[in-house]
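Here's a short tour of a protein model, written for someone new to reading structures. Keep the 3D view open and click along as you read.

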Amino acid sequence: MGIEEARRIMMNHFANAARRFGLSELYGYIYGVLFFADEPLSLGEIAEKTGYSISHVSSALKLLESVGLVTRIKKPGDKKAYFTAIKNLKEWRKAAYYNKLLEDVRQTRVNVQKALEEIKEDRSEEAEKIREKLKFMLKRNEITEKIIKLLVRSDEERLLEKLILCLHELENERA
């Protein structure tokens, strides 16, 4: 029961993680099936193991592949596509979280800059208030982008340990 229960726990974790991102549990089940697979699996094998239709699995695999959680593999002499999951947790986090956050940060910067450009000539009190809020948002956005880039490029565990130490120091200063 131990191994099967461990698999069940993790499959439910992956399904719930997909739901937290606003996706169907199917995405999590596909990732889980590929995570536990010893060899790359075909579309049909994934559909069979998840119990979902080939068309649903195919659509989900396209998204999982586009965010970097799943890799498509071609075997010599075989026309079928095979799939494997990223199993390194750092790479999984990077693909699932950091890249999405970076894209959001970039889009935020672009939109804040557009909004600032729109009120550039306006000297009204309301425009000045909005300008200050947007400038503050831009500074926070810049800091966020630097932190995310650090996490993506560095030895994540070492960096996180240092960040935790800094946070504890700040908490102690405030106490």
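Helices here are DSSP runs of H or I with at least four residues, numbered from the N terminus. With that in hand, Lys149 can be placed in helix α6, which covers residues 125-153. One thing to keep in mind throughout: this is a predicted model.

**Along helix α6**

Let's stay with Lys149 for a moment. Its relative accessibility is 29%, so Lys149 counts as partly exposed. If you skip residues up to four places away in sequence, Lys149 touches Leu102 and Arg106. Asn99 is another one to find: Lys149 and Asn99 are 50 residues apart in sequence, yet their C-alpha atoms are 9.2 Å apart in space.

Now look for Asn141, which is also found in helix α6. Is Asn141 buried or exposed? At 7% relative accessibility, Asn141 counts as buried. The cut-off behind that word is under 20% relative accessible area. Again leaving out residues up to four places away in sequence, Asn141 touches Val105, Thr108 and Arg109.

**The sheet**

Next, turn to the strands. Three of them form an open sheet, in the order β1-β3-β2, with antiparallel pairing. The edge strands are β1 (41-42) and β2 (70-74), and each of them pairs on one side only.

How many bridges join β1 and β3? Strand β3 covers residues 81-85, and it pairs with β1 in the antiparallel sense over two bridges. In this pairing you can spot Leu41 standing opposite Phe83 in β3. Helix α2 packs on the sheet as well, touching β1, β2 and β3, and its direction makes about 90 degrees with that of β3.

On the other side, β2 and β3 pair over five bridges, again in the antiparallel sense. Two partners to click on are Ile73, whose bridge partner in β3 is Tyr82, and Val70, whose bridge partner in β3 is Ala85. β2 and β3 form a hairpin with six residues between them, and Gly77 in the turn has a positive phi of about 80 degrees. While you're there, check Tyr82 again: Lys75 lies over the face of its ring, at 4.1 Å from the ring centre.

Four of the five residues of β3 are buried, so this strand is largely enclosed by the rest of the structure.

**Rings that meet**

A pair of aromatic rings is described by how far apart the centres are and by the angle between the planes. A search of the whole structure finds four aromatic pairs. Here are two of them.

| Pair | Kind | Centre to centre | Angle between planes |
|---|---|---|---|
| Phe14 and Tyr31 | edge-to-face | 4.9 Å | 80 degrees |
| Tyr31 and Phe35 | tilted | 6.0 Å | 35 degrees |

What does the pair of Phe14 and Tyr31 tie together? Phe14 lies in helix α1 (residues 2-20) and Tyr31 in helix α2 (residues 25-36), so the pair links parts that are 17 residues apart in sequence. Both Phe14 and Tyr31 are buried, and for Tyr31 the relative accessible area is 5%.

The other pair sits within one helix: Tyr31 and Phe35 both lie in α2, four residues apart, which is about one turn of the helix. Phe35 has 26% relative accessibility, so Phe35 counts as partly exposed. Put Phe36 into the picture too, and you have one aromatic cluster formed by Phe14, Tyr31, Phe35 and Phe36.

**The nonpolar cores**

Which residues touch the most other members of the largest nonpolar core? This core has 24 residues, and the answer is Ile30, Leu34, Ile46, Val57, Leu61 and Phe83. The elements giving two or more residues to it are α1, α2, α3 (43-50), α4 (54-66) and β3. Among these, α2 gives the most, with seven residues.

Ile46 is a handy one to select. Not counting residues up to four places away in sequence, Ile46 touches Ile30, Leu34, Leu41, Val57, Leu61 and Phe83. Apart from this core lies another one, of seven residues, including Tyr98, Val105, Leu151 and Val152. You've met Val105 already, as one of the residues that Asn141 touches.

Note on methods:
Residues numbered from 1 in each chain as written. Predicted model: local features only at pLDDT ≥ 70, side-chain atom pairs only at ≥ 80, totals over all residues. Heavy atoms only, no water. Phe/Tyr/Trp six-rings, centres within 6.5 Å; stacked < 30°, edge-to-face > 60°. Buried < 20%, exposed > 50% of the residue type's maximum accessible area, 1.4 Å probe, protein only. Lys NZ or Arg CZ within 6 Å of the ring centre and 35° of its normal. Pairing = 2+ DSSP bridges. Contact = heavy atoms within 4.5 Å. Axes fitted to C-alpha atoms, helices over the stretch in contact; angles between N-to-C directions. Core = buried A, V, L, I, M, F, W, Y, C linked by side-chain atoms within 4.5 Å.
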